[in-house]
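Hi,

Here is the structure I promised to pass on. Have a look at it first, and then read my notes below.

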Amino acid sequence: MTPTQTPETMTEDSSVVQKLSTLDRFLAVWILLAMALGLGLGRLIPGLNDALAKVEIGGISLPIAVGLLIMMYPVLAKVRYDKLDAVTGDRKLMASSLVINWIIGPAVMFALAWIFLPDLPEYRTGLIIVGLARCIAMVIIWNDLACGDREAAAVLVALNSVFQVIAFSLLGWLYLDLLPGWLGLGEGETLDISMWKIALNVVIFLGVPLLAGFLTRRLGEKKMGRESYEAKFLPKIGPWALYGLLFTIVILFALQGKTITSQPLDVVRIALPLLVYFAIMFFGSFLLGKAIGLAYDRTATLAFTAAGNNFELAIAVAIATFGVTSGQALSGVVGPLIEVPVLIALVYVALAWRKKFAPSAIATSTTQR
């Protein structure tokens, strides 16, 4: 069974199954093509990136917002919201996620930024901002592709969104202003971002699709019944998650295609600590989940929510504070350039690692797919 297929999709509608199977089987290829297309469009069409950048409201890129909403809605419509209490009662999962995301993650990025970029303060600051912006959007689809726990993912990204509003500015002050001075690393930086802008980012990229998914599930089950809703309706909207993902990638890389391709050596310098960061966060979290006895599905969810970052918020903060042509903004742009192919590769790693879990743990992760 491929990552986005479910037992419900293996029904009489074989064309749907074949379509999903094709998308899944060649997903890595589609993502690479989308990245290449975006970079090519941004590089070859004069003024395209500027035109796309102007289509925004309150600092939120409308094309990217549309893509993320399309991507997240089908996955959040699959969540069984009446089962969320089983997730919130899992203290191991909740505590591990909070510690990894809001203590370990920012500290790891801070350390890697100084280790790899001691001579490039603008890029270093941009990377630290990326580390502070915990993922609340794209992680939903990585988790679903890896057969993670949908209900757990919904709870953890909601938890991250709350902490993002409360803690982002505080952690920015700690890692960009206070710690560098304490450690004798030089003068710090100050972020110019309001709590309102962070809250707006959360509402757009999580609140809207979460509400839409919840209402769809509630009304769909009321009208069709759970069995019919999951067997007939969900397979019809399922492929749109990947369509939204690919559209988002094209737009994202079209926005910054010229910048990325004109500074390849700088991109490589920024990419190296990011690669190490994703490896540490994903594999460390995965091993922790297994060590504390989490089932595969929740271990995968823990790992992907730990490794992913909110690139839209990071880029918006960097541009608002330091300018669109700044090195900090370039670091934010390189974030998804590296994150997208790395995390899709980690989806396949996670699926391969399912064999290392007990059969009962694996079965638990697939009973509701």
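What covers the buried residues of helix 7? Before I get to that, a word on the model. It is a predicted one, where local features need pLDDT of at least 70 and side-chain atom pairs count only at pLDDT 80 or more, while totals for chains, interfaces and linings use all residues. Residues are numbered from 1 along each chain as its sequence is written, and side-chain values use heavy atoms, with hydrogens and water left out.

Back to the question: the cover of helix 7 includes helix 6 (91-116), helix 9 (150-182), helix 13 (264-291), helix 15 (311-322) and helix 16 (327-353). Helices here are DSSP runs (H or I, at least four residues), numbered from the N terminus. In helix 7, 10 of the 12 residues are buried (under 20% relative accessible area, with a 1.4 Å probe and protein chains only). Among them are Tyr123, Arg124 and Ile128. Helix 7 itself runs over residues 121-132 and reaches 17 Å from its first C-alpha to its last, close to the 16 Å expected (1.5 Å times one less than its number of residues).

Two of those covering helices, 6 and 13, also pack on each other, at about 150° with axes 10 Å apart. Axes are lines fitted to C-alpha atoms over the stretch in contact, and angles run from 0 to 180 degrees between N-to-C directions. Helix 6 and helix 13 are therefore roughly antiparallel (angles over 145 degrees). Their contact (heavy atoms within 4.5 Å) involves residues including Ile100, Val108 and Phe116 of helix 6 and Leu272, Tyr277 and Met281 of helix 13. By class, that makes 14 nonpolar, 3 polar and 1 charged residues. Nonpolar means Ala, Val, Leu, Ile, Met, Phe, Trp, Tyr, Cys and Pro, charged means Asp, Glu, Lys and Arg, and the others, Gly among them, are polar.

Helix 6 also holds Trp102, which is buried at a relative accessible area of 8%. Leaving out residues up to four places away in sequence, Trp102 touches Leu132, Arg134, Asn160, Phe163, Gln164, Ala167 and Leu171. Gln164 is 62 residues from Trp102 along the chain, with 9.0 Å between their C-alpha atoms.

Another pair to look at is helix 4 (residues 62-78) and helix 11 (residues 226-237), whose axes come within 10 Å and cross at roughly 170°. That makes helix 4 roughly antiparallel to helix 11. Here Tyr73, Pro74, Ala77 and Lys78 meet Tyr229, Phe233, Leu234 and Ile237, giving 7 nonpolar, no polar and 1 charged residues.

Cheers

Definitions and conventions. Helix = DSSP H or I, 4+ residues; strand = E, 2+ residues; numbered from the N terminus. Buried < 20%, exposed > 50% of the residue type's maximum accessible area, 1.4 Å probe, protein only. Parallel < 35°, antiparallel > 145°, perpendicular 65-115°, else oblique.
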